[in-house]
Amino acid sequence: TLTAGMHLINPLLKIHKMAIRTQEVTEEANVPSKEGLSVHLSVSLLFSLDPQKAAQVYKTIGPDYLRVVVTPQLRSVVRGVTASYEAKALYTSEREAIANEMFSHLQAPLLERGITVEKVLLRSATLPPILATAIEKKLEAEQQSEQMKFVLNKETQEADRKRIEAQGIADFQKIVTTGLTDLFLRWKG
């Protein structure tokens, strides 16, 4: 393995250049969920080749390590991890937990092979149309429920306001009635 810089190289040797920069591999797959639904998932894996193990990777795997090791490992982990989660988890806050679990499942086997996993990103998830419609209807029903709670709260406050107003009018009428006598009304008349 040659580090960066100038080197004297035996002309009889063949040098193979391997990228040690961060690379991205994307995988699009239909994966099963815990409920048995098929979800179309797009995942990106950011990884790099360990410079100290580049020669070992070349000897044991070859220059096409991406196709031979990285992509199959990513496919396997994506299918395995999503099978333990419900489809709705791909749309909720559990999304980050799924990505972290994929990262932890990929890190050890790839690091052992000389490949450093940097990040697993869930780019998109597409549910079957029937499930997507059901989730949208559920969210719509939840919004309607929240709206109804707001309307009921508003009406309760309005009823309290009218009750207070009526009490004020009743108090006013009691005060005025006590001051009205037949003698006073005749005088006013």
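In the predicted model, Glu158 and Arg161 both lie in helix 4 (residues 129–179), three residues apart and therefore separated by about one helical turn. The two side chains form a salt bridge in which the closest N and O atoms are 2.7 Å apart. Both partners are partly exposed: the relative accessible area is 29% for Glu158 and 43% for Arg161. The pair does not stand alone, for Glu158, Arg161 and Glu165 are linked in a network of salt bridges.

Helix 4 also contains Asp160 and Arg163, which are likewise three residues apart, so about one helical turn separates them. Their side chains meet in a salt bridge with an N to O distance of 2.7 Å. Here Arg163 is exposed, its relative accessible area being 53%, whereas Asp160 is partly exposed at 35%. In general, side chains of opposite charge can pair when their charged atoms come close.

A further salt bridge joins the side chains of Asp64 and Arg67, with 2.6 Å from N to O. Asp64 has a relative accessibility of 33% and counts as partly exposed, while Arg67, at 57%, counts as exposed. In total, the structure holds eight salt bridges.

Asp50 presents another situation. This residue is located in the loop that runs between strand 2 (38–49) and helix 1 (54–60). Asp50 is buried yet has no salt bridge. The nearest side chain of opposite charge belongs to Lys53 and is 4.7 Å away; because a salt bridge requires a side-chain nitrogen of Lys or Arg within 4 Å of a carboxyl oxygen of Asp or Glu, this pair does not qualify. When residues up to four places away in sequence are not counted, Asp50 touches Gly114 and Thr116.

Regarding the chain as a whole, five helices and three strands are present, arranged along the sequence in the pattern β-β-α-α-α-β-α-α. The radius of gyration is 36 Å, whereas a compact globule of 189 residues would have a value near 16 Å. The C-alpha atoms fill a box of roughly 130 × 45 × 20 Å along the principal axes. Of the 189 residues, 23% count as buried. The accessible surface comes to about 13600 Å², and carbon and sulfur atoms account for 57% of this area. Among contacts between residues at least 6 apart in sequence, 68% join residues at least 24 apart. Finally, the chain carries 24 positive and 22 negative charges, whose mean positions are 4 Å apart.

Note on methods: Residues numbered from 1 in each chain as written. Predicted model: local features only at pLDDT ≥ 70, side-chain atom pairs only at ≥ 80, totals over all residues. Heavy atoms only, no water. Helix = DSSP H or I, 4+ residues; strand = E, 2+ residues; numbered from the N terminus. Rg over C-alpha atoms; globule rule 2.2 N^0.38 Å. Buried < 20%, exposed > 50% of the residue type's maximum accessible area, 1.4 Å probe, protein only. Contact = heavy atoms within 4.5 Å. Areas by Shrake-Rupley, 256 points an atom, 1.4 Å probe, with all protein chains shown as cover. Lys, Arg positive; Asp, Glu negative; His and termini not counted. Charge placed at Lys NZ, Arg CZ, Asp CG, Glu CD.
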